[in-house]
Amino acid sequence: MWFFARDPVRDFPFELIPEPLEGGPPGPWALHRGRKKATGSTVSIFVYDVKPGAEDQTQVAKAAFKRLKTLRHPNILAYIDGLETEKCLHVVTEAVTPLGMYLKARVEAGDLKELEISWGLHQIKALSFLVNDCSLIHNNVCMASVFVDRAGEWKLGGLDYMYSAQGNGEGPPRKGIPELEQYDPPELADSSGRVVKEKWSADMWRLGCLIWEVFNGPLPRAAALRNPGKIPKSLVPHYCELVGANPKVRPNPARFLQNCRAPGGFMSNRFVETNLFLEEIQIKEPTEKQKFFQELSKSLDSFPEDFCRHKVLPQLLTAFEFGSAGAVVLTPLFKVGKFLNAEEYQQKIIPVVVKMFSSTDRAMRIRLLQQMEQFIQYLDEPTVNTQIFPHVVHGFLDTNPAIREQTVKSMLLLAPKLNEANLNVELMKHFARLQAKDDQGPIRCNTTVCLGKIGSYLSASTRHRVLTSAFSRATKDPFAPSRVAGVLGFAATHNLYSMNDCAHKILPVLCSLTVDPEKSVRDQAFKAIRSFLSKLESVSEDPTQLAEVEKDVHAASSPGMGGAAASWAGWAVTGVSSLTSKLIRAHPTATPAETNVPQRPMPEGHWETQEEDKDTAEDNSAADRWDDEDWGSLEQEAESVLAQQEDWSAGGQAGHAGQVSSRDHKSPESDWSSWEAEGSWDQGWQEQSSPERPPEGTRMASEYNWGVPEPNDKGDPFSSLSARPSAQPRPHSWGEDSWEGLETDSRQAKAELARKKREERRREMEAKRAEKKAAKGPMKLGARKLD
């Protein structure tokens with residue numbers, strides 16, 4: 001019944017790659033690479049083929065098989081499976097590379113560092129386990145018996161010639177292989193037995209040979225051990241103890257490691273300490289783990305890449321999944337993530353990131369937002385829209401200003417991956433509320449900045465409804481950098497407006513800023529006006545350019561639209577928004593200036609700025625001459641504003657408030673209120689009612705000259721605007737009315753002009769009456785006027 005017989009090699013659950021590895025261990029074994037048939041995971045397979053007449057070698061191989069199967073230690077080659085037949089022995093272990101091959105490859109790549117050698121030699125502490133705990137002599141320590149796994153960990157193998165240290169009448173087995181016998185210590189040649197030695201003496205001599213080979217290459221002969229060669233100076237004294245002629249003074253393996261870890265020793269470094277902590281991390285206190293992970297990211301740059309990927313990363317994932325490490329694992333986690341390819345990142349990091357976003361821990365949420373740039377490229381659109389964005393938007397409503405700030409900044413990275421509903425509806429609702437009602441000026445400013453950056457991703461209908469209204473509202477913000485952001489927002493998205501909108505909606509708003517109390521705002525307004533006028537003029541001179549100029553107005557959303565806008569004059573939101581947290585922390589309870597418009601809290605400290613490199617883009621079109629202007633960065637503008645007015649004095653704010661209240665309430669930003677109509681957020685900040693007008697003919701106290709000298713006309717004529725009273729329009733909210741077109745504004749302008757003429761006529765009549773009274777002379781007290 002021979003056809004019922006089964007081939008055990010064929011049924012073995014591991015597949016063998018026929019070609020053995022070069023540089024495999026000398027002796028009976030051949031090292032092959034292999035894989036597990038069920039999972040495809042890589043393994044190493046040691047193969048021994050039984051040959052007739054080699055009974056001694058077969059017994060040695062079987063003994064090694066048994067030893068490797070029964071000995072378990074983190075620094076001894078890990079046994080997985082085995083197969084024993086009459087023809088062969090197969091021993092399956094973790095995937096490893098012979099130490100000689102590993103060192104050669106690292107040297108050729110120029111990546112070999114003393115740090116990893118120091119930890120590798122420290123891992124030969126398996127000798128201490130064998131001698132001190134198991135009373136076993138390895139008897140084969142050399143370069144060929146050490147292997148390296150994928151994390152760079154050194155593992156001790158080559159257990160073929162191991163024997164008991166108890167004696168039992170058994171001497172060390174004979175090797176019969178010259179390549180291995182050259183590592184035997186000199187006292188073995190003395191057959192008299194009079195040499196006094198310790199049970200570990202022979203293995204420590206062989207360890208000295210291994211150290212010499214690691215730094216100097218293959219050992220040619222035993223006499224070469226007298227010259228340390230390239231062995232580091234901090235290791236030389238301990239090396240000399242190992243290869244001393246007197247076996248009695250050779251140190252115990254445990255004491256050798258202790259000596260090398262003394263201050264200034266070869267194994268006294270951050271890398272060894274990190275590995276030792278990771279080996280015992282399960283029994284460490286939570287406070288110790290927190291401190292360790294906080295300091296870990298500083299050291300990762302100097303650690304080997306394989307170590308970070310295969311040893312540090314699993315520990316970080318385990319600490320997050322089952323420990324209480326929390327947000328502190330994020331920084332080292334993303335740092336290690338840089339070493340992974342896209343597939344590994346998707347498998348190992350992304351599931352953790354998605355789970356972290358659902359956490360209620362504020363520290364974790366803000367760190368995720370701060371470091372989103374490191375992992376956003378690995379997130380696909382379905383994951384962003386269904387698992388990330390619903391959690392991120394809660395940050396817009398957070399009471400902590402720092403989280404609101406980081407949430408706004410994160411939209412720069414998330415916007416390209418958001419779907420129609422999330423980007424054009426949900427996000428716009430939150431932006432409208434932040435711009436109108438947030439009590440932190442820098443956050444309102446950053447909202448405008450972010451909107452200018454993501455404008456090209458919005459749909460054509462959303463751009464038409466939102467951008468003009470939002471930037472117009474920003475130009476009326478009491479926070480001067482927000483007004484600058486509004487002007488620059490128009491400039492950044494200039495290619496998204498029709499010529500009709502430029503003339504009817506944008507230029508009127510920009511012209512009103514030419515009398516802004518802050519010079520930086522006025523400067524940017526003039527630049528924008530000149531650019532928009534140049535664009536209009538070019539189309540007027542050559543109407544055939546209209547189609548080219550407006551090509552992006554009704555186009556579908558695209559990140560590449562309006563090339564010049566994408567590299568908009570060095571306006572970098574990251575540099576600006578990074579200041580928000582400083583301002584908020586410095587002045588968390590700043591109070592607004594008392595003006596006729598309720599002011600938002602204003603930071604009073606100096607606004608530290610960070611210079612950004614200016615981006616430039618070349619565009620030969622006459623309609624896109626935006627890069628020819630020196631727009632400057634928003635940080636520079638904010639710095640100039642605060643240099644002129646460090647405390648945001650009430651005068652400047654009041655002047656601008658007067659401007660806000662003096663404008664007609666039928667303004668373009670009322671289009672922004674279309675988002676309020678959906679009932680998902682409240683109206684914007686309100687203007688106060690205008691005071692009741694006094695009876696006809698009443699002269700106000702402010703109209704008299706009480707002997708105060710006339711103001712000097714020299715200086716900045718606009719600075720006096722902050723002290724002039726202005727007429728109040730009827731009360732309204734930023735979100736009450738909708739844009740009614742150019743004709744509505746024309747009628748309002750005519751009505752306003754007629755009202756002003758009536759007011760001037762009334763004042764002229766009052767002046768004439770006063771002159772008549774003055775001509776008749778003053779009346780005396782008690783005198784009766786005779787008819």
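Phe 271, Phe 303 and Phe 307 come together as one aromatic cluster. The model is predicted, and the structure holds 16 aromatic pairs. One of them joins sequence neighbours, Phe 292 and Phe 293. Their rings sit 5.4 Å apart, centre to centre, with 65 degrees between the planes. That geometry is edge-to-face, because planes over 60 degrees apart count as such. Both rings belong to buried residues. Phe 292 has a relative accessible area of 6%, and Phe 293 has one of 2%.

Turn next to the nonpolar interior. The largest nonpolar core has 158 residues. Within it, Trp 154, Ile 211 and Leu 427 have the most contacts. Helix H7, residues 201–216, gives the most to this core, with 9 residues. Another core, of 7 residues, lies apart from it. Phe 14, Val 43, Ile 45 and Leu 83 are among its members.

Leu 427 is worth a closer look. Leaving aside residues up to four places away in sequence, Leu 427 touches Phe 389, Phe 396, Met 411, Leu 418, Asn 422 and Ile 454.

Now the sheet. Three strands form an open sheet in the order E6-E8-E9, and their pairing is antiparallel. Strand E6 (96–98) and strand E9 (154–156) are the edges, each pairing on one side only. From one strand to the next, the twist averages 40 degrees. E6 and strand E8, residues 146–149, pair in the antiparallel sense over 3 bridges. Thr 97 has Val 148 in E8 as its bridge partner. Helix H3 packs on the sheet and touches E6, E8 and E9. The direction of H3 makes about 85 degrees with that of E6.

H3 also leads into the charged pairs. A search of the whole structure finds 27 salt bridges. In one of them, Glu 116 pairs with Arg 106, and the closest N and O atoms are 2.7 Å apart. What does this pair tie together? Arg 106 lies in helix H3 (residues 99–109) and Glu 116 in helix H4 (residues 114–122), so the salt bridge links parts that are 10 residues apart in sequence. Are Glu 116 and Arg 106 buried or exposed? Both are buried.

Other salt bridges stay within a single helix. Lys 505 forms one with Asp 501, with the closest N and O atoms 4.0 Å apart. The two residues are 4 apart in helix H23 (residues 499–512), which means that about one helical turn separates them. Lys 505 is buried, and Asp 501 is too.

Helix H31, residues 742–776, offers a further case. Arg 762 and Glu 766 both lie in this helix, 4 residues apart, about one turn. They form a salt bridge whose closest N and O atoms are 2.5 Å apart. Both residues are buried. The pair does not stand alone: salt bridges that share partners join Glu 759, Arg 762, Arg 763 and Glu 766 into one network.

Terms used: Residues numbered from 1 in each chain as written. Predicted model: local features only at pLDDT ≥ 70, side-chain atom pairs only at ≥ 80, totals over all residues. Heavy atoms only, no water. Core = buried A, V, L, I, M, F, W, Y, C linked by side-chain atoms within 4.5 Å. Buried < 20%, exposed > 50% of the residue type's maximum accessible area, 1.4 Å probe, protein only. Contact = heavy atoms within 4.5 Å. Phe/Tyr/Trp six-rings, centres within 6.5 Å; stacked < 30°, edge-to-face > 60°. Salt bridge = Lys/Arg side-chain N within 4 Å of Asp/Glu carboxyl O. Pairing = 2+ DSSP bridges. Axes fitted to C-alpha atoms, helices over the stretch in contact; angles between N-to-C directions.
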